[in-house]
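Dear colleague,

I am passing the structure on to you with this message, and the sequence comes along with it. Please have both open while you read the notes that follow.

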Amino acid sequence: MNYYLDKETFLKLLLTLRAQLRGDVNLLLDTALDVAISDPLSKPAGICRTCRATWRTSVAGSVRDYIERLIDRKEALLYHVENALERLDNGSYGICQSCETHIPAEWLFSVPYTSLCADCHSKQAAA
Ligand SMILES: [Zn+2]
């Protein structure tokens, strides 16, 4: 870890980010549920549980898909944040997982959950 990296600062940053992402996911899940409940299409009457479940997923499908994609994205980010917290714990935080150089603090401040330096990150994005 870079000598100028303050572990506590990044721990706080990552924990805040994780709390925010968890809140976002919960909010999105609530919204997805609201969409399912307040569906503008009338609910077919007298159908079995399984059919009702199918109906729930088929109607308002596009809105739900959209929300689910948002949830997926947030959860992917959460996964990266969890990994970063693990790296903070085992002392590998701030070291590029690809070229093993120290990641500059400015880059960590803009992407605190990154496991790659800016160079390796752009190489990977371009690949
Ligand atoms: Zn690198």
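How many aromatic pairs does a search of the whole structure find? The search finds two aromatic pairs, and before I describe one of them I should say that this is a predicted model, so please read every value below as computed from that model.

In one of the pairs, the ring centres of Phe10 and Tyr93 lie 5.5 Å apart and the ring planes stand at 50 degrees, so the pair is tilted; an angle over 60 degrees would have counted as edge-to-face, and one under 30 degrees as stacked. Phe10 belongs to helix 1, whereas Tyr93 sits in the loop between helix 3 and helix 4, so that the pair links distant parts of the chain, 83 residues apart. Phe10 and Tyr93 are both buried, and together with Phe109 they make up one aromatic cluster.

Tyr93 also appears in the largest nonpolar core, where it is listed with Leu14, Ile67, Val81 and Cys96 among the residues that have the most contacts inside that core. The core has 22 residues, and helix 1 (7–37) and helix 3 each supply at least two of them, with helix 1 giving the most, namely eight residues. As general background, nonpolar side chains tend to be buried together in soluble globular proteins.

Cys96 leads from the core to the metal site, since it is also a donor to the zinc ion: the ion is coordinated by the SG atoms of Cys96, Cys99, Cys117 and Cys120, at 2.2 to 2.3 Å. The angles that the four donor atoms subtend around the zinc ion run from 105 to 115 degrees, which makes the arrangement tetrahedral. Along the sequence, the donor residues follow the spacing C-x2-C-x17-C-x2-C. Of these donors, Cys99 lies in the loop between helix 3 (61–90) and helix 4 (105–110) and Cys120 in helix 5 (residues 118–126), 21 residues apart, so this pair links distant parts of the chain. Are Cys120 and Cys99 buried or exposed? Cys120 counts as buried, because its relative accessibility of 9% is under the 20% cut-off, whereas Cys99, with a relative accessible area of 37%, is partly exposed. Leaving aside residues up to four places away in sequence, Cys96 touches Thr101, Ile103, Ser115, Leu116, Cys117 and Cys120.

Turning to charged side chains, a search of the whole structure finds three salt bridges. Glu82 takes part in a salt bridge with Arg18, at 3.3 Å from N to O; because Arg18 lies in helix 1 and Glu82 in helix 3, this pair ties together parts that are 64 residues apart in sequence. Glu82 forms a salt bridge with Arg22 as well, with the closest N and O atoms 3.2 Å apart, and as Arg22 lies in helix 1, that pair ties together parts 60 residues apart in sequence. Glu82 is partly exposed at 29% relative accessibility, as is Arg22, with a relative accessible area of 41%. A further salt bridge brings together the side chains of Asp24 and Lys74, at 2.9 Å from N to O, and it links helix 1, where Asp24 is found, with helix 3, where Lys74 is found, 50 residues apart. Lys74 is partly exposed, with a relative accessible area of 25%. Through shared partners, salt bridges join Arg18, Arg22 and Glu82 into one network.

With best regards

Technical notes: Residues numbered from 1 in each chain as written. Predicted model: local features only at pLDDT ≥ 70, side-chain atom pairs only at ≥ 80, totals over all residues. Heavy atoms only, no water. Donors = N, O, S within 2.8 Å, 3.2 Å for Na, K, Ca; no water. Tetrahedral: all angles 85-135°; square planar, octahedral: opposite > 155°, others 65-115°. Helix = DSSP H or I, 4+ residues; strand = E, 2+ residues; numbered from the N terminus. Buried < 20%, exposed > 50% of the residue type's maximum accessible area, 1.4 Å probe, protein only. Core = buried A, V, L, I, M, F, W, Y, C linked by side-chain atoms within 4.5 Å. Contact = heavy atoms within 4.5 Å. Salt bridge = Lys/Arg side-chain N within 4 Å of Asp/Glu carboxyl O. Phe/Tyr/Trp six-rings, centres within 6.5 Å; stacked < 30°, edge-to-face > 60°.
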